[in-house]
Amino acid sequence: MKKNHHLAILRSFFILTTLFSSSFLLAQQQTITYKSQSDFWQKVQFGGGIGLSFGSGYTDISLAPSAIYNFNEYVALGLGVQYTYVKQKNYYASHLYGVSIIGLFNPIKEIQLSAELEQLRVNVDLDGSNSNSQDYWNTGLFLGAGYRSGNVTVGARYNVLNDTNNIYGNAFMPFVRVYF
């Protein structure tokens, strides 16, 4: 009878060990995938432009940061802000600030087509007197094309909304676009 009692204990021990081991092995087979950060930020690139120009009584300082979201290798969409200060001594001082939205299309790796809508507020102070100041909005719609190499695109764009009151001297403008 003692032998049956030891056999029963051994059998119980074996069953418990088997159940414990099988649940442990089952736990090892399950893979729990925790969703890490969204891949949204992995598809975002930052860039923009900085401009400085100084001359005889002339100053031009501009800052234009921007960011784009790459939907895939062909299409990207982005937003930008811009601030520019321009002064010609004894003639005028101007502040330009605003926003833009840009769409980029890369039909092939080396070619980039773009469309950019820009809305700027223009404040001009003529002759240093507030009585001769002008405040108005300026809208530009630029269509462009450029050669792309890595993160840099060099090309030209054309303002299809160009008119005689436009803040830019010419509707046609070269550009260098860099996104990291």
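Biologist: How many of the 180 residues of the protein chain count as buried?

Modeller: The share is 25% of the 180 residues. Buried means under 20% relative accessible area, exposed means over 50%, and partly exposed lies in between, with a 1.4 Å probe and protein chains only. This is a predicted model, in which local features need pLDDT of at least 70 and side-chain atom pairs count only at pLDDT 80 or more, while totals for chains, interfaces and linings use all residues. Residues are numbered from 1 along each chain as its sequence is written, and side-chain values use heavy atoms, without hydrogens and water.

Biologist: What is the secondary structure of the protein chain?

Modeller: One helix and eight strands, in the order α-β-β-β-β-β-β-β-β along the sequence. Helices (H or I, at least four residues) and strands (E, at least two) are DSSP runs, numbered from the N terminus.

Biologist: Why is phenylalanine 142 called buried?

Modeller: Its relative accessibility is 1%, and the limit is under 20%, so phenylalanine 142 counts as buried. Tyrosine 168, at 19%, is also under that limit and is therefore buried.

Biologist: What makes phenylalanine 142 and tyrosine 168 an edge-to-face pair?

Modeller: Their ring centres are 5.8 Å apart and their planes are at 75°. Rings of Phe, Tyr and Trp (its six-membered ring) pair if their centres lie within 6.5 Å; planes under 30 degrees apart are stacked, over 60 edge-to-face, and the rest tilted. Both values fit, so the pair is edge-to-face. Phenylalanine 142 is in strand E6 (residues 133–149) and tyrosine 168 is in the loop between strand E7 (152–159) and strand E8 (172–178), 26 residues apart.

Biologist: Why is the pair of phenylalanine 40 and tyrosine 69 called stacked?

Modeller: The centres are 5.0 Å apart and the planes are at 20°. That angle is under 30 degrees, so the pair is stacked. Phenylalanine 40 lies in the loop between helix H1 (2–29) and strand E1 (44–55), and tyrosine 69 in strand E2 (residues 58–70), so the pair ties together parts 29 residues apart in sequence. Phe40, Trp41, Tyr69 and Phe71 form one aromatic cluster.

Biologist: How do you know that arginine 157 lies over the face of phenylalanine 142?

Modeller: A charge sits over a ring if NZ of Lys or CZ of Arg is within 6 Å of the ring centre and within 35 degrees of the ring normal. Arginine 157 is at 3.8 Å from the ring centre, so the distance limit is met. The charged end of arginine 177 sits over the ring of phenylalanine 175, 4.1 Å from its centre.

Biologist: Why does alanine 115 count as partly exposed?

Modeller: Its relative accessibility is 34%, which lies between the two limits, so alanine 115 is partly exposed. Alanine 115 is in strand E5 (residues 111–126). Beyond residues up to four places away in sequence, it touches Ile101, Ile102, Gly103, Phe142 and Leu143, where contact means heavy atoms within 4.5 Å.

Biologist: What is notable about the phi of asparagine 90?

Modeller: Asparagine 90 has a positive phi of about 60° although it is not a glycine. Most residues other than glycine have a negative phi. Asparagine 90 is in the loop between strand E3 (75–88) and strand E4 (92–108). With a relative accessible area of 70%, over the limit of 50%, asparagine 90 is therefore exposed.
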